[in-house]
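Please look over the sequence and the model shown below before reading on. The report starts with the surroundings of the ligand and then widens its view to the chain.

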Amino acid sequence: MSLSGQNIVTYSPAYTIVPTYECFNRCSYCNFRTEPGKSPWLTLEAAKEIFLQLKNQNVCEILILSGEVHPHSARREAWFERIYDLCALALAMGFLPHTNVGPLSWTEMQKLKTVNVSMGLMLEQLTPKLLNTVHRHAPSKLPEVRSQQLQWAGDLKIPFTTGLLLGIGETDADWWETLTAISESHAHYHHIQEVILQPHSPGTVQTFDAPPFDPHQLPTVIAKAREILPADMTIQIPPNLVEDENWLLACIAAGARDLGGISPKDEVNPDYPHLQEQELRNILESRGWELVPRLPLYPQFDEWLGAGLQQQVQEWRERFKL
Ligand code: SF4
């Protein structure tokens, strides 16, 4: 089975765990965060219970998605250790971790590489204009901080996923600028496996008062992104945010080839439940597309992993017959 086959669309059988919902940023479109100190952190015991239940469900990827503790906070070290320990536990129980927990220090990123098969961070948009609007109270959303994370991931040989959030006050020109920056970073490091195009989809908690990103526009953005990005980068769209199946199919026709982690709950967009695998499969098959599982690591990056991780990845490839 080839992941680059012409009629193949991939997804990752995944489960998301959240070390903490607390976050020192306050992005005005957020439907995820709680105030610092206001939500208990996920314990290793509770995570182990979850992993035990997932054991026979064909879940491969554990996505570790967290709110952020300030880099200068006295609690940062404990926060980081909890994330590291959760990744190590997921690995020890046979899963493949992928961490996306905001900007990391060089040392933090280096340590997490040893317990993750890939990592991610949305670039969102590079335009500094958003620092006066949706990111006014979000120090982690400084464009230069996020661009640096892409570089560090490349320097450390970490297979990486990034992406754009569409419809938060940027212009068309801003999209092309951000996509070009991703493309240039990849030209240097060859480390980006996927680019997510995530349409802003209002939730019940956010304060940002704006309409959803027009799904009719998404195929056009995807087609243009496909021109800007090199062919070895896959374009991913979250199918729960493109609710009309005709528009989902239009996105695939325009060049999207991955649906990301299909997990029981989209933690970032909790108001938009995922269709499950069989429903997505039926929609895609109606136009001749085949939905196949993939790992959170694309095969061209296997050799970037340590021997233990490579072994675990190989076992999953055999299990999924990839
Ligand atoms: S979007 Fe992410 S960084 Fe922004 S407030 Fe929410 S959890 Fe924090």
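The ligand is surrounded by Cys23, Asn25, Arg26, Cys27, Cys30, Phe32, Arg33, Gly67, Glu68, Gly102, Ala138 and Ser140, where a residue is near a molecule if its C-beta atom, placed from the backbone, lies within 6 Å of it. Sorted by class, this shell holds 5 nonpolar, 4 polar and 3 charged residues; here Ala, Val, Leu, Ile, Met, Phe, Trp, Tyr, Cys and Pro count as nonpolar, Asp, Glu, Lys and Arg as charged, and the others, Gly among them, as polar. The model is a predicted one, in which local features need pLDDT of at least 70 and side-chain atom pairs count only at pLDDT 80 or more, while totals for chains, interfaces and linings use all residues. Residues are numbered from 1 along each chain as its sequence is written.

An unreviewed UniProt entry gives the annotation "binding site" to Cys23, Cys27 and Cys30, and it places the feature "domain: Radical SAM core" at residues 9–240. UniProt positions are given in the numbering used here, feature names are shortened, and annotations may be inferred rather than shown by experiment. The end C-alpha atoms of residues 9–240 lie 15 Å apart, and the span is 34% helix and 17% strand; helices (H or I, at least four residues) and strands (E, at least two) are DSSP runs, numbered from the N terminus.

Cysteine 27 is found in the loop between strand 1 and helix 1, and cysteine 30 lies in the loop between strand 1 and helix 1 too. Leaving aside neighbours within four places in sequence, cysteine 27 is in contact with Val134, His135, Ala138 and Lys141, contact meaning that the C-beta atoms of two residues, placed from the backbone, lie within 7 Å.

How buried or exposed is a residue? A residue is buried if 20 or more other C-beta atoms lie within 10 Å of its own, exposed if 12 or fewer, and partly exposed in between, with C-beta atoms placed from the backbone. The table applies this to some loop residues.

| Residue | C-beta atoms within 10 Å | Class |
|---|---|---|
| Cysteine 27 | 23 neighbours | buried |
| Cysteine 30 | 18 neighbours | partly exposed |
| Asparagine 58 | 11 neighbours | exposed |
| Histidine 190 | 16 neighbours | partly exposed |
| Tyrosine 272 | 19 neighbours | partly exposed |

Most residues other than glycine have a negative phi. Asparagine 58, in the loop between helix 1 (44–54) and strand 2 (61–65), has a positive phi near 65°. Histidine 190, in the loop between helix 5 (172–189) and strand 6 (192–199), also has a positive phi, of about 55°.

Which residues of helix 1 are buried? They are Ala47, Phe51 and Leu54. Because these residues cover an arc of only 55° around the axis, they are on the same side of helix 1; the arc is that of the directions from the helix axis to the C-beta atoms. The buried residues of helix 1 pack against strand 1 (8–17) and helix 2 (76–92), whereas Glu45, Glu49, Leu52 and Gln53 are exposed on the other side.

The chain as a whole has 9 helices and 9 strands, and buried residues make up 43% of its 322 residues. Its radius of gyration is 18 Å, which agrees with the value near 20 Å for a compact globule of 322 residues; the radius is taken over C-alpha atoms, and the globule rule is 2.2 Å times the number of residues to the power 0.38.
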